[in-house]
Amino acid sequence: MFPPLTQRILIAVSAVAGGAVAMLATGALGGRDGFTGISLLSAQVSPAAAVIIAVAVAVPAVALGLLCAWRGHAMAGVFVPAVGLTTLACLGGSSEGWLWRSELPGAYASLMLESLIWTAFWAALVIPLAWVKRGQVDPAPAAQTLLPRHPVTFGLPDANAWLAGGLCAAIAGAIAWFLLATAQTGQTVGGLIVAFAVAACVSQLLFPKVTNPLPMLAAPLLVALVGYGWMLYAFDASTPLLRDWHHHGLPGLALALPIHYASAAMVGLSVGIGWAHGIIQNQTAQHPGTRTAMG
């Protein structure tokens, strides 16, 4: 494992480099006719080309993230590419342009599909991430420590992992519903980071023995689908939807685009999980051989 300071510097440099590369895709993935809001299914290029471009610019950030995860915490492999995507999402602007250029409310069905596309990207990342972390789990018996030094494993989640993931989605969705009062980019990105960081940290602390983060990493998809699905259920025409938008009456979950959930929410998740692991390990180090109140 790299020394802590070296690891932090490596993560910071990797995140900045990944974001710089992601900036190259801003023009191609931007909204048609100059509208703001990046959506793979309504970009300047075709949907297929948009997916290819998004994957291409993400490759350097993914490689750097895997390097950080190889000799450090596994969540660094999520954090670094998520920061790169967040840079792209910020440069693409708010969802207001998407709202103006789309046929509402039906276009929310396309956002549900796009959310699945972004989730497939993250699911594909799990394979090399699990590979670089193989064999790096502390073999200490569970009776001696709540969590290993690198408390992240990948595989088929157990019941507690699914409970942690469901709780994470519920908490994050509730917080984001109120924090995302407008479609402004800063509010959307910042609100999702805060919502999912808090949700992931609380969920991990309540389930300290859960080492499989996959259900929690799926929480952004669940929250996005709930928000978009609500729009399809609540509105049957564009006029009342746009009226509610102008009067700040739309739920915050529907004001974030899939790229926001795939980027800012994942940044928050990786930070929250890592934060919780630090708290648990610190508490375990202070009271070795004993269970904490969270156990």
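Helices here are DSSP runs of H or I with at least four residues, strands are runs of E with at least two, and both get their numbers from the N terminus. Read that way, this predicted model runs α-α-α-α-α-α-α-α-α-α-α-α from the N terminus on. That makes 12 helices and zero strands in the chain. Below is a quick tour of the chain overall, its empty spaces, and one loop residue, Thr182.

**The chain overall**
- The chain has 295 residues, and 49% of them count as buried.
- Take the contacts in the chain with a separation of 6 or more: 79% of them come from residues 24 or more positions apart.
- As for the outside, the accessible surface adds up to about 12,700 Å², and carbon and sulfur atoms hold 70% of that.

**The cavity**
- Rolling a probe the size of a water molecule over the atoms shows where empty space is left.
- Counting cavities of 30 Å³ or more turns up one.
- The largest cavity has a volume of about 30 Å³.
- Its walls come from Pro151, Val152, Gln204, Val210, Thr211, Asn212, Pro213, Met216, Ile273 and His277.
- Sorted by class, the lining of the largest cavity splits into six nonpolar and four polar residues, with no charged ones.

**The second largest pocket**
- This pocket offers about 260 Å³ of space.
- Two or more lining residues apiece come from α6 (107-132), α9 (214-217), α10 (219-234) and α12 (258-286).
- Which helix gives the most to the lining of the second largest pocket? That's α6, with eight residues.
- There are 19 lining residues, and the ones nearest the pocket centre are Thr119, Trp122, Leu217, Ala218 and Met266.
- By class, the lining of the second largest pocket has 17 nonpolar residues, two polar ones and no charged ones.

**Thr182, a residue in a loop**
- You'll find Thr182 in the loop between α7 (159-179) and α8 (185-206).
- Is Thr182 buried or exposed? Thr182 has a relative accessible area of 17%, and buried means under 20%, so Thr182 counts as buried.
- Its side chain reaches the backbone nitrogen of Gln184 at 3.4 Å.
- Setting aside neighbours within four places in sequence, Thr182 is in contact with Gln187, Thr188, His248 and Leu255.

Terms used. Residues are numbered from 1 along each chain as its sequence is written. This is a predicted model: local features need pLDDT of at least 70, side-chain atom pairs count only at pLDDT 80 or more; totals for chains, interfaces and linings use all residues. Side-chain values use heavy atoms; hydrogens and water are left out. On a 1 Å grid over the protein atoms alone, a cavity is a set of points where a 1.4 Å probe fits but cannot get out, and a pocket is an open set with protein on both sides within 12 Å along at least five of seven lines; lining residues have an atom within 4 Å of a point. Grid points are joined across faces, edges and corners, and a volume is the space filled by probe spheres set on the points. Ala, Val, Leu, Ile, Met, Phe, Trp, Tyr, Cys and Pro count as nonpolar, Asp, Glu, Lys and Arg as charged, and the others, Gly among them, as polar. Buried means under 20% relative accessible area, exposed over 50%, partly exposed in between (1.4 Å probe, protein chains only). Contact means heavy atoms within 4.5 Å. Accessible areas come from the Shrake-Rupley method with a 1.4 Å probe; for residues, only the protein chains shown count as cover. A polar contact is a pair of N or O atoms within 3.5 Å; within protein, one must be able to donate a hydrogen and the other to accept it, and residues adjacent in sequence count only if both atoms are side-chain atoms.
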